[in-house]
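Please explain how this chain is put together, taking a few places in turn and saying what can be read from each.

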Amino acid sequence: MNSEKLANGTTTVEVQRTRHILGLSGGKDSAALAIYLKDQGRDADIEYFFCDTGSELREVYDYLDRLEDYLAKPIERLSSGRSFDHHLKRFNGFLPAPHARWCTRVMKIEPLEAFVGTDPCVSYIGIRADEHRQGYISHKPNIKADYPFIDDGIVKADVFRILEDSVGIPDYYRWRSRSGCYFCFFQRRDEWIGLAENHPDLFEQAKQYEKVDPETGKLFTWVQGMTLNEVLQHKDEIRSSAANKRSTKILAWQDRIMLENEDDPACLVCTL
Ligand code: SF4
């Protein structure tokens, strides 16, 4: 319990202090929020944390190091204490998927809730004023969400300005539109191709998780209806279809990231 003792004449009472936490996902919005609050001198009580699944990209860890330097405070690394492979076994080998997102619960939300315990807590969330996403990442009644970007009217151009003036933008945004595990099933097909090109070893590891049920022939793949090998085989058409979707007036890669994340179904604790 996070508390302090206050003496009042002859009596001493124990008062529970409200904690202030800010979760860094390795993505741009949470990073920008941490920097924004620090630059405004609003960071004194903030505890930073990162839920580490052990399956993150190397670039995420590099970015967290840069952030730690800028923030001049440690970023607490939270973990479920077990590997993804361990959890996968617990879930009978069923790969997580958008409709069965056990990975977020056991590798992100539960470590966060253990970190907070029963302490009253304000959790700062980096949803911007120009977004319409839900921001609640935990259902614990002692965790209250706070949205400084929404309150202060901060939009995407502000986020990029904040990052460009401080720690920069994570390198993986050049080929991927969000943070998270290297095998995240929310990746689009062209992002899997980006993984194969930028981290061939991780792409190979992700392939090892795909299975065919020998009895039914049913495929258990990361991408619906397609193995990762097939994704690579269709590389040209996947790339050209992704380019067509982006098309015409969207020019800057920053704009491309933002466009691709509209209506983002991924969990905020992983990607924000
Ligand atoms: S990043 Fe993707 S795979 Fe990793 S915990 Fe989040 S939803 Fe699951």
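Ser179 is buried in this predicted model, because its relative accessible area is 1%, and the cut-off for buried is under 20%. Ser179 belongs to the loop between α6 (156-164) and α7 (189-198). Its side chain has a partner: Ser179 and Ser25 are joined by a polar contact of 3.4 Å between their side chains.

Another loop residue can be read in the same manner. Arg128 sits in the loop between β6 (121-124) and β7 (143-146). Its relative accessibility is 5%, so Arg128 counts as buried. The side chain of Arg128 also has a polar contact, which is made with the side chain of Asp130 at 2.7 Å.

Glu210 is a further loop residue, placed between α8 (200-208) and β8 (211-212). Is Glu210 buried or exposed? Its relative accessibility is 15%, and therefore Glu210 counts as buried, since the limit is under 20%. Glu210 can also be placed relative to Trp222: the two are 12 residues apart in sequence, and their C-alpha atoms are 7.0 Å apart in space.

Two loop residues are exposed. Ala72 is found in the loop between α2 (58-71) and β5 (75-78). With a relative accessible area of 60%, Ala72 is exposed, because exposed means over 50%. Asn92 lies in the loop between α3 (84-90) and α4 (102-116). Asn92 has a relative accessible area of 64%, so it is exposed too.

Ala72 and Asn92 also call for a look at the backbone. Most residues other than glycine have a negative phi. Ala72 is not a glycine, yet its phi is positive, near 55 degrees. Asn92 is not a glycine either, and its phi is positive at about 55 degrees.

The strands come next. Strand β4 covers residues 46-51, and five of its six residues are buried, which leaves the strand mostly covered. On one hand, β4 pairs with strand β3 (residues 19-23) in the parallel sense, over four bridges. In this pairing, His20 stands opposite Ile46 in β4. To get from β3 to β4 the chain passes through helix α1 (residues 28-39), and the resulting β-α-β crossover is right-handed.

On the other hand, β4 is joined to β5 by four bridges, and these two strands run parallel. Which residue of β5 is the bridge partner of Cys51? The partner is Leu78. Here too there is a helix in the unit: β4, α2 and β5 form a right-handed β-α-β unit.

Helix α1, already met in the crossover from β3 to β4, contains Ala34. Ala34 has a relative accessibility of 0%, so it counts as buried. Ala34 and Gly126 are 92 residues apart along the chain, while the separation of their C-alpha atoms is 8.6 Å. The pair shows how positions separated by 92 residues along the chain can have C-alpha atoms 8.6 Å apart.

The ligand is the next stop. How many residues surround the ligand? The number is 10, and the closest are Cys103, Thr104, Cys181, Cys184 and Cys270. By type, the shell around the ligand consists of eight nonpolar residues, two polar ones and no charged ones. Cys184, one of the closest residues to the ligand, has a relative accessibility of 14% and therefore counts as buried.

The cysteines raise one last point. A disulfide is a covalent bond between the sulfur atoms of two cysteines. How many disulfides does a search of the whole structure find? The search finds zero. Cys121 is thus not part of a disulfide, because the search of the whole structure finds zero of them and the cut-off for sulfur atoms is within 2.5 Å. Cys121 counts as buried, because its relative accessibility is 3%.

Key
Residues numbered from 1 in each chain as written. Predicted model: local features only at pLDDT ≥ 70, side-chain atom pairs only at ≥ 80, totals over all residues. Heavy atoms only, no water. Near = heavy atom within 4 Å. Nonpolar A, V, L, I, M, F, W, Y, C, P; charged D, E, K, R; others polar. Buried < 20%, exposed > 50% of the residue type's maximum accessible area, 1.4 Å probe, protein only. Polar contact = N/O pair within 3.5 Å; in protein donor to acceptor, adjacent residues only side chain to side chain. Pairing = 2+ DSSP bridges. Right-handed = clockwise from strand over helix to strand, strands pointing away.
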